[in-house]
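Visitor: Please take one close look at the enclosed spaces and binding sites of this model. I would like a single connected account.

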Amino acid sequence: MKRAWWKESVVYQIYPRSFLDSNGDGIGDLRGIKQKLDYLQDLGVSVVWLSPVYSSPNDDNGYDISDYRAIMPEFGSMADWDDLLAGLHQRGIRLLMDLVVNHTSDEHPWFQAARSSPDNPYRDFYIWRPGRDGHEPNNWVSFFGGSAWQYDQASGEYYLHLFSKKQPDLNWENPRMRAEIYAMMDWWLQKGIDGFRMDVINMISKVPGLPDAPVTGPGRYQFGGASFIQGPRLLEFLQEMKQQVLSRYDIFTVGETPLVTTEHAVAITQEDSGPLNMLFQFEHVDLDRDRREGATKWDLRPLDINELKQVMTRWQKDLEQGGGWNSFYLSNHDQPRMVSRFGNDGHYRVQSAKLLATFLHMMHGTPYIYQGEEIGMTNVAFESITQYRDIETLNMYHAFVEERGLDPHQVLRLIHARSRDNARTPMQWDDSPHAGFTSSTPWIDLNPNYPAINVVAARADPDSIWHYYQTLIRLRREHPIIVYGSYDLICAEHPQIYAFTRTYEHERLLIILNFTAETATFTPPDQLPFSDTRLLISNYPVRPTDDVHRLSLRPFEARVYWLY
Ligand code: TEU
Ligand code: CA
C-alpha cells in the first residue's frame, strides 16, 4: 500500500452559506471562513472542501453555476477567495473546490446561447430532444420531483435536467464541451487549489437513445438511473479528464457517486489505473430507507446495525482487495445530522456523537467531517414549511400535500427526519443572538438549541465532542495503522455491538462500538487471541483493570484498544 497525503488527510466540509456571515447580510461568506482558519487549524483538519462558491442564481444553493470562473457576490470577491486560499495554505491546510459539471445553471451563458436557437453552436452543449406524442421525450423523473424534461417554447424541444429545471444537464458526448470543462479545471488548478470534489460525477454519461425507465413506482415519472448512473462512456470521460488535467498535478480527487457499487468504485479508484482517488458511496446512508421498488428517501425504516456492518465491510474489503481507496462520511449538506439519525440526540447526544466519531475515524479510508458535526449539532424540527429553504424539500412538500393530499403534519414529520435543511441551519458559534453566525436575520432559521450546543461551550469543556474530534484527528497523524491498517469485522452477528480490528505490520487495534442505548456485553471471538491490551481512546472513563475478554459496555460506549 503506497503512502499518499490524500489518504492521511482529514477533510472538513464547509457549506459557505451557513458557516459565518462577516458583513451582516445574514448569509455566510468567504471572509467569514477566513476568520475561522485558526479554528480549523486547532481542530487539526488538513483539507477543506468548500461547497460551491461560484456565481449562481441559487436555485439549488450554488449547485446551479452560472459562471465557473467567478465568485458569487453574496460570498465575496475573487480577491477574498485568493485571500482565503493563502490563509489556508499558510496553515498547512489544503483546499478542494466543488466541481459541478453534470449540469450548469440555465443562466449560464452557454445555456443562454443554446436556448437562443437550435442552430447556435452551444445548442449541443446540452441535451435537447423533440417531444413524443405531445409529451416529454421519455418518462424520467427528476431528483427534485416531476419530469426530468423542460419544454422550450421557442424551439418546441425539451431539455434534460436530472435535478431542477434550472440545472440543465451538460452533453458530455460533445468534445468541445468537455474541452471547455477541462480548461476551466486547469484554470482553478493554476490558481493553486489542491483538488476537486466532483458532484454526481457518475451521471455524466447517458445511454444513447435515452430509453424510458422501467415502471417501478406510482405516478407518471420513473427513476431512470439505469440510463445514466455509471453510463457507457463514464470511465472513458474520466480517463480523458485524468490524462488532460488531473495527472498533471499532485491533487486530491473525490467523486460523488450515488448508487455506485464496489465494482465500479474499484474501476474508478484503482490506485494506478483509476481516474480518481476516492468516491462518496451512498449505501450506508440508504440503510434507513425503505428498500421496496419505487420507494424514495422519504420512505423511512429503522437502521439495522447488522446491515450496516455488512455494507461497510463489503466496501472495506472489496476496495482493499481491488486496490482502490475508501472515503467515509456520516453527514454532509444533503444528509440529516448524523447524531439525530444514527445516534441519540437526546440523553446520549454527547456519547453517541463520540461513538460515531470513533467509527468515522477508525474505518480504513479518508474521513470527512461536516461543519457542526464536531460539536454534535442536531436535526431541526421547524414548525412551518415557510421556514424551509431547500428546493428538494419544498418540491416534496408541494407534491405530497397539494398533489397527493397527504396530511401536512405528517409530511412535516418526514421533513424533520430527512430534509437537507437539517444540515444547513447556521453553524452555532456561541450563545449570543443568532449564535454568533450573523448580526442580522439569517437566511435560514437557527436550530433553537444553540444556547446549549455551540463552539464556545464545546471548547470550554475538556470532555466535549469537539475535544474528542481533536484527539481522533491527532491520533491519525501519530499512528499510520489508523490510515493504512487493514480492516476485519468481528462479532458479525452481535445485535448491539459493531466491532472490528485494524492490522498493520506488527500492530493491531480493536475497535468496539455499542450502537445502542442499552448496556451490551462484548467477548472477543476465539480467532482473535491477545494477552495484553492498552486503551487508545474511549468516550467514557475506563478502568485500566478492565478485562477485554469480557466487557460490559455502557450506552453508546466506544473503546479502541491496542492488542498485544
Ligand atoms: O447531490 C446529489 C444527489 O444525488 C443527492 O444526494 C441529492 O441531491 C439529494 O440530496 C437526495 O436527497 C449533489 C449535491 O451534493 C446536492 O447538494 C445537489 O443538489 C445535487 O448534487 C445537484 O447538484
Ligand atoms: Ca454575508
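Guide: On a 1 Å grid over the protein atoms alone, a cavity is a set of points where a 1.4 Å probe fits but cannot get out. The model is predicted. By that definition, the structure contains 3 cavities of 30 Å³ or more. The largest cavity has a volume of about 50 Å³. Its lining is made up of Gln316, Leu319, Glu320, Gly324, Trp325, Asn326 and His364. By class, the lining of the largest cavity comprises 2 nonpolar, 4 polar and 1 charged residues.

A pocket, in contrast to a cavity, is an open set of points. The second largest pocket has a volume of about 340 Å³. There are 20 residues in the lining of this pocket, and those nearest its centre are Lys242, Ile251, Glu271, Pro275 and Asn277. The lining of the second largest pocket divides into 7 nonpolar, 8 polar and 5 charged residues.

Next come the bound groups, starting with ligand 1. The residues surrounding ligand 1 number 18, and Asp60, Asp199, Lys297, Asp334 and Glu392 are the closest. In this shell, 9 residues are charged, 6 are nonpolar and 3 are polar. Several polar side chains approach oxygen atoms of the ligand. For Asp334, an N or O atom of the side chain is 2.5 Å from an oxygen atom of ligand 1. Lys297 places a polar side-chain atom 2.8 Å from an oxygen atom of ligand 1, and for His333 the corresponding distance is 2.9 Å. Ligand 1 taken alone exposes 490 Å², of which the protein buries 93%.

The other bound group is a calcium ion, ligand 2. Its protein donors lie 2.3 Å from the ion. Four of them are side-chain oxygens: OD of Asp21, OD1 of Asn23, OD of Asp25 and OD of Asp29, while Ile27 contributes its O atom. Along the sequence, the donor residues follow the spacing D-x1-N-x1-D-x1-I-x1-D. Two of these donor residues can be compared by accessibility. Asp21 has a relative accessible area of 8% and is therefore buried, the cut-off being under 20%. Asn23 counts as exposed because its relative accessibility is 53%, and exposed means over 50%.

Note on methods. Residues are numbered from 1 along each chain as its sequence is written. Chains are lettered from A and ligands numbered from 1 in the order in which they are written. This is a predicted model: local features need pLDDT of at least 70, side-chain atom pairs count only at pLDDT 80 or more; totals for chains, interfaces and linings use all residues. Side-chain values use heavy atoms; hydrogens and water are left out. Donors are N, O and S atoms within 2.8 Å of the metal (3.2 Å for Na, K and Ca); water is not among the atoms, so sites may look incomplete. Buried means under 20% relative accessible area, exposed over 50%, partly exposed in between (1.4 Å probe, protein chains only). A residue is near a molecule or strand if one of its heavy atoms lies within 4 Å of it. A polar contact is a pair of N or O atoms within 3.5 Å; within protein, one must be able to donate a hydrogen and the other to accept it, and residues adjacent in sequence count only if both atoms are side-chain atoms. Accessible areas come from the Shrake-Rupley method with a 1.4 Å probe; for residues, only the protein chains shown count as cover. Ala, Val, Leu, Ile, Met, Phe, Trp, Tyr, Cys and Pro count as nonpolar, Asp, Glu, Lys and Arg as charged, and the others, Gly among them, as polar. On a 1 Å grid over the protein atoms alone, a cavity is a set of points where a 1.4 Å probe fits but cannot get out, and a pocket is an open set with protein on both sides within 12 Å along at least five of seven lines; lining residues have an atom within 4 Å of a point. Grid points are joined across faces, edges and corners, and a volume is the space filled by probe spheres set on the points.
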